[in-house]
Amino acid sequence: MSKHILIDENGIRTDNRRVDELRPIKIEVGMLANANGSVYFEQGKCRILAAVYGPHEAHPRHLALPDRAILRCRYHMAPFSVTERKNPAPSRREIELSKVIREALEPLVMCELFPRTMIDVFIEILQADGGTRCAGLTAASLALADAGIPLRGLVSACAAGKVDGKIVLDLNDTEDKEGEADVPVAFIPQLNVFSLLQMDGLMTVDEYKGALSLALEGCRKLYDMQIEALKKKYLETKVEENNQ
Amino acid sequence: MSKFVEDRQIVVPGEVLAEGEYRLGENVYRNGNRILSTMVGLTRIDGDKLSVIALHGFYMPMNDDIVIGIIDDVGLTHWMVDINAPYPGILRASETFGRGFDPTRHDLLDELKIGDVVIAKVFSFDRTQDPVLTLKENGLGKIKDGVVVSLTPSKIPRLIGKKGSMLNIIQQKTGCQIIVGQNGRVLARCGDKTMEDLAIKIIKVIEREAHTSGLTNRVSRLLESEIEQREVGKR
Amino acid sequence: MSTTPQRSIISKILQEDIKKLANEGERVDGRAFDDYRKIKITTGFVEKAEGSALVELGSTRVLAGVKVETGFPFPDTPDEGVLSVTAELLPLASETFEPGPPNENAIALARFVDRGIRESKSIDMKQFCLEPGKRVYMIMIDVCVLDHGGDLIDASALAALAALSTTKYPVYNMVDGQAVKTAELKPMLLREYPIATTFAILDDKLLLDPSIQEERATGTFISFISLEDERICAVQKNGLVTITESMLFEAIRISGEKSKELRRLLFPRGDVGGQG
């Protein structure tokens, strides 16, 4: 049983959302000067920076593969990103999430075009409020596109879960900590496949299927926003006027 | 066969361009019956050939490309060259020392040092080996003067223009010699600093607006008005 | 253990260009030798932190966060709070930054920013004692470099100061030997506002707020942290090149003036004498 009421009698959640609503999203593409591709991503109170470098020579050299590029992915939380300061050294959770995010990105990238090279994906969580692995992955996919790395499509990720007995979309931090289950999911529409699939908590099979389907809806909404964000960056160029 | 996009439309990775038996140009791939973009870019439809011109990409070496490189490592028999690509360029000692190169007598550092800038040609590249560069052609070799500007490699064709039209306008109006590296580096050799600054400014404008139309005329007018302003300033 | 670093790639042409311009009294981006690039400071960027600030200095971007919690005091200062400063050169900030534990540059950066705050006695650490020898406040400043466009020291010190000066921390009370968080928030009071100014040393010239290209052209820097009354609380030379006494004194003079400009960005109404 949760400590607070997470969904009231009108079906309204702690942050005034309905059960099937995404948190407000803000996406900015290409704002870092050094990175080859970069994205600043806000989802509710989550603030995330994703950056891509590459393809470049693999270092150390012995990690290179002869027939494809390798992906190196780092998911990391800033010490001030959570309520209780987090030691900057990588935790076991960050190491696991780095792996899971990398594996979710692999099917997307046409690695066979760049043998013996390395592509770096860095995700930095500046402020966390639940659902950072999904938001980080969604941002990383955009950063790869911004870097001009050939992709089969885009990956969008969203979590659903069980809170106060109901299936809800896009859990915030309180719902994640006090709810009954969390189901993060990533989907690549072009390949019609899940590339990230995790779950923790306790649910019946039907509840799980319900959460999966709701998460997929969230992914679809995010996918539209990703496309808009990529196109927006180029439609906004102003023409330099002559000073008459 | 059905097309879902127009010519010169902005598309993103995974966006479906068409279905059916089209020919594949650059930055597109086939998934079953559909043809999709692999990049953020502008579509180009050439009869039944579909391509996407990438708006923001990196340089992949191709044979015969002219590139501007920076020496970043020196060995006994070759230099490693940063050519702004996923792979380093290899410049063999015989390129400057000739056939009589002898590692026990010749020191590579006598010819090219770390940090030196060269104009080279990609002699051979296939993805299993790093690209081999050559200096053995007119106009190739170490660069001693001028300024090197970087821009996104995919915008280089726009800088050159149809049959070199854009490049000619810049060279004529500024009096600068502009050498364009396919790898996104451009060398400008100008008589005076004012023209050098102007050339750099114009190159940056072209990079920013490469995807818009009427660019050649705008650049021409901008050059004229900037030169006029600077003339007035001088008087 | 410290090893001579790899050279960063800069073409000879650019390096010579920077030197030639410097001899003519100019810089590549048209600035005067003692001009800062455009600066933008956004405080409160991370709501969950007790204080935070994003500094944009030219193309350099640094985010600092302040967390205030409780913990054990150091044995030699049982009645004082604990201050710590860490810095991370995030791999997303530059292709030269590798993932991994902080290297000598990150640690030197953090310790320098720390000295500015600590040596100036900017914070009265005695106010942060809950129970001597048992429990004190921990003031933890974390600086994250997001984009390396040159002059990380000045941007980091400014971000740390801006974050501290807007910090509101929860008040803790000791109840039965435990520190209990109350709902009350108190603003962090600073007695001094230390500002860092960094110069690149190029032959006999001093370039204030070096851009990344200028950094790569010289590799040697001198930094000062000074207060409003021009007292100095920290000095550091970084890099392989050496500096003459006259250049040093010139740098000190300029930094006294220029640090006031930066301080005014944080406190436009001029109440920079401290609140404590």
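A nonpolar core is here a set of buried Ala, Val, Leu, Ile, Met, Phe, Trp, Tyr and Cys residues joined through C-beta atoms within 7 Å, and in this predicted model that idea gives the tour its starting point.

Begin by selecting Val121(A), Ala143(A), Ala159(C) and Ala160(C), which touch the most other members of the largest nonpolar core, a set of 154 residues. Next, colour helix H3 of chain C, residues 152-165, since this helix gives the core its largest share, 11 residues. In soluble globular proteins, nonpolar side chains tend to be buried together.

Return to Val121(A) and display its surroundings: setting aside neighbours within four places in sequence, Val121(A) is in contact with Val52(A), Leu71(A), Cys73(A) and Leu105(A), and also with Ala140(A), Ala143(A) and Leu144(A). Another core, of 46 residues, lies apart from the largest one, and to find it you can select Phe58(B), Tyr87(B), Ile143(B) and Leu223(B), which are among its members.

Now show chains A and B together, where 28 residues of chain A are in contact with 29 residues of chain B. On the chain A side, the elements that give two or more residues are strand E3 (46-57), helix H2 (132-146) and helix H4 (205-235), and the largest share, 5 residues, comes from H4(A). If you colour this side of chain A by class, you will find 14 nonpolar, 9 polar and 5 charged residues.

Stay in chain A and isolate H2(A) and H4(A), which pack with their axes 11 Å apart and at an angle of about 30 degrees. Because angles under 35 degrees count as roughly parallel, H2(A) is roughly parallel to H4(A). The crossing of H2(A) and H4(A) is right-handed. To see where the helices meet, select Thr138(A), Ser141(A), Leu142(A) and Ala145(A) in H2(A) together with Leu222(A), Gln226(A), Ala229(A) and Leu230(A) in H4(A); by class, this contact has 5 nonpolar and 3 polar residues, and no charged ones.

Finally, bring chain C back beside chain A, where 27 residues of chain C are in contact with 25 residues of chain A. Which elements give two or more residues to the side of chain C that touches chain A? They are strand E3 (60-71), strand E4 (82-89) and strand E6 (135-147) of chain C, and E6(C) gives the largest share, 5 residues. Coloured by class, this side of chain C has 12 nonpolar, 7 polar and 8 charged residues.

Notes
Residues are numbered from 1 along each chain as its sequence is written. Chains are lettered from A and ligands numbered from 1 in the order in which they are written. This is a predicted model: local features need pLDDT of at least 70, side-chain atom pairs count only at pLDDT 80 or more; totals for chains, interfaces and linings use all residues. A residue is buried if 20 or more other C-beta atoms lie within 10 Å of its own, exposed if 12 or fewer, and partly exposed in between; C-beta atoms are placed from the backbone. Helices (H or I, at least four residues) and strands (E, at least two) are DSSP runs, numbered from the N terminus. Two residues are in contact if their C-beta atoms, placed from the backbone, lie within 7 Å. Ala, Val, Leu, Ile, Met, Phe, Trp, Tyr, Cys and Pro count as nonpolar, Asp, Glu, Lys and Arg as charged, and the others, Gly among them, as polar. Axes are lines fitted to C-alpha atoms, for helices over the stretch in contact, and angles run from 0 to 180 degrees between N-to-C directions. Angles under 35 degrees count as roughly parallel, over 145 as roughly antiparallel, 65 to 115 as roughly perpendicular and the rest as oblique. A crossing is left-handed if the near helix is turned anticlockwise from the far one by less than a right angle, and right-handed if clockwise.
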